[in-house]
Amino acid sequence: MAEILVLAEHSGESVKKVTCELLTLARAYGEPAVVWTGAGAEGGRARLAEFGATKVYVADGGDYDDYVVAPKAELLAHLVAEKSPAAVLIAATSEGREVAGRLAVKTGSGILTDVTGLSEGLIGEQSIFGGAITVQSRVRAGTPIVAVRPNAVTPEPASGAAELEPVSFSVSDAAKNTRVTGRVVAERGERPDLTEASIVVSGGRGLGSGEHFALIEQLADSLGAAVGASRAATDAGWYPHQFQVGQTGKTVSPQLYLAVGISGAIQHRAGMQTSKTIMVINKDPEAPIFELADFGVVGDLFKVVPQLVEEIAKRSES
Ligand SMILES: Cc1cc2nc3c(=O)[nH]c(=O)nc-3n(C[C@H](O)[C@H](O)[C@H](O)COP(=O)(O)OP(=O)(O)OC[C@H]3O[C@@H](n4cnc5c(N)ncnc54)[C@H](O)[C@@H]3O)c2cc1C
């Protein structure tokens, strides 16, 4: 079986959930071989093995951390030429999409972005026009480069050898034109990362003010969830922009998405409609978000949310 290269997303030794999702997908269509850039491969190996990686190509020079995306695209192009994989899977994060685009150009290959699933023949499924249409596409030129939306696939363990194999490759000077000069770690607190969380609770204009986001945080914390927000809420300064869900914000696809005081504009839907289960709290029964909802409560969020938090607390105690 041909290899399928999976570009690892990791933070030091910690392997991000999306990498396990990519490995789960890759296993179905070839031998999953991880491409690990930068330090930490030894520490991350066990997790990669747990999700079926057969091999881990390790390029651990500082170039990959110090020079934005170009070195990663060059390295992958080198591995595509050398290993002739059946496909390359990359997370459709903002960085991953850029790496994927550059790789497609370098290898003269077709690319599928924002893929939510793969089927036989490496046919990718994509949700387009704000989710109004689902399309199936297949790459016909070169090596399929597939950027997969985080949270679209449920990661399933399967053991693999995850043998580490060093890659000796020199990044070109041209790929080092843009240097990372510093990093600021975003304050995240105890909550899970928005794009990785299995439950997301989002608040919208219906909250009426920034202070009322405390209600959303309470509900999120009672469920171990991440907090999201509509653009109306972030534009009003009620919650930081990094938590915005939607077309111009983050794309999430959790097991459970709770939309509180959000009307369901097409730009918001674009970022959350592939969530597995959608629950809505809105006082307007005509709000378009109800069209997407698996469960909906028509009611005042200021009454419903505290009751919900109380009920969850009771159930967690028992
Ligand atoms: C180019 C472009 C990009 C955009 N990108 C995004 C994006 O990425 N993400 C995004 O979210 N939006 C985006 N928008 C904005 C989008 O069109 C909507 O304006 C926005 O999503 C509305 O946010 P909302 O649902 O919170 O507010 P509203 O549409 O005002 O809805 C508020 C809802 O709260 C309900 N409500 C009010 N009070 C209560 C209460 N007490 N209890 C219960 N329910 C209550 C109301 O019934 C209403 O349904 C974009 C727009 C454009 C033009």
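Two strands are taken to pair if DSSP finds at least two bridges between them. In this predicted model, strand E12 and strand E13 (residues 226–229) meet that criterion, pairing in the parallel sense over 4 bridges. Within this pairing, Ser202 has Gly228 of E13 as its bridge partner. Strand E12 is also joined to strand E14 (residues 256–260), here by 5 bridges, and these two strands likewise run parallel. On that side, Gly203 is matched with Val260 of E14.

With its pairing partners in place, the surroundings of E12 come next. The strand covers residues 199–203, and 5 of its 5 residues are buried, so E12 is largely enclosed by the rest of the structure. The cover extends to both faces of the strand. One side carries Ile199, Val201 and Gly203, the other Val200 and Ser202, and all of these residues are buried. Ser202 and Gly203 thus appear twice in this picture: Ser202 is buried and bridged to Gly228, while Gly203 is buried and bridged to Val260.

It is helpful to set this strand against the chain as a whole. The protein chain contains 9 helices and 16 strands. Its radius of gyration is 21 Å, close to the 20 Å that the globule rule gives for 318 residues, so the chain is as compact as a globular protein of that length. The C-alpha trace spans about 60 × 40 × 40 Å along its principal axes. Of the 318 residues, 47% are buried. Among contacts with a separation of 6 or more, 65% are between residues 24 or more positions apart.

The surface and the charges can be summarised briefly. The accessible surface of the chain comes to about 14,900 Å², and carbon and sulfur atoms account for 48% of that area. There are 28 positive and 38 negative side chains, with the centres of the two sets 4 Å apart.

Two backbone details also deserve a friendly pointer. Most residues other than glycine have a negative phi. Asp114, a residue of strand E7 (residues 111–119), has a positive phi, near 55 degrees. Asn151 has a positive phi as well, of about 75 degrees, although it is not a glycine. Asn151 is located in the loop between strand E10 (145–148) and strand E11 (163–166). With a relative accessible area of 5%, Asn151 falls under the 20% cut-off and is buried.

Notes
Residues are numbered from 1 along each chain as its sequence is written. This is a predicted model: local features need pLDDT of at least 70, side-chain atom pairs count only at pLDDT 80 or more; totals for chains, interfaces and linings use all residues. Side-chain values use heavy atoms; hydrogens and water are left out. The radius of gyration is taken over C-alpha atoms; the globule rule is 2.2 Å times the number of residues to the power 0.38. Buried means under 20% relative accessible area, exposed over 50%, partly exposed in between (1.4 Å probe, protein chains only). Contact means heavy atoms within 4.5 Å. Accessible areas come from the Shrake-Rupley method with a 1.4 Å probe; for residues, only the protein chains shown count as cover. Lys and Arg count as positive and Asp and Glu as negative; His and the chain ends are not counted. The place of a charge is taken as NZ of Lys, CZ of Arg, CG of Asp or CD of Glu.
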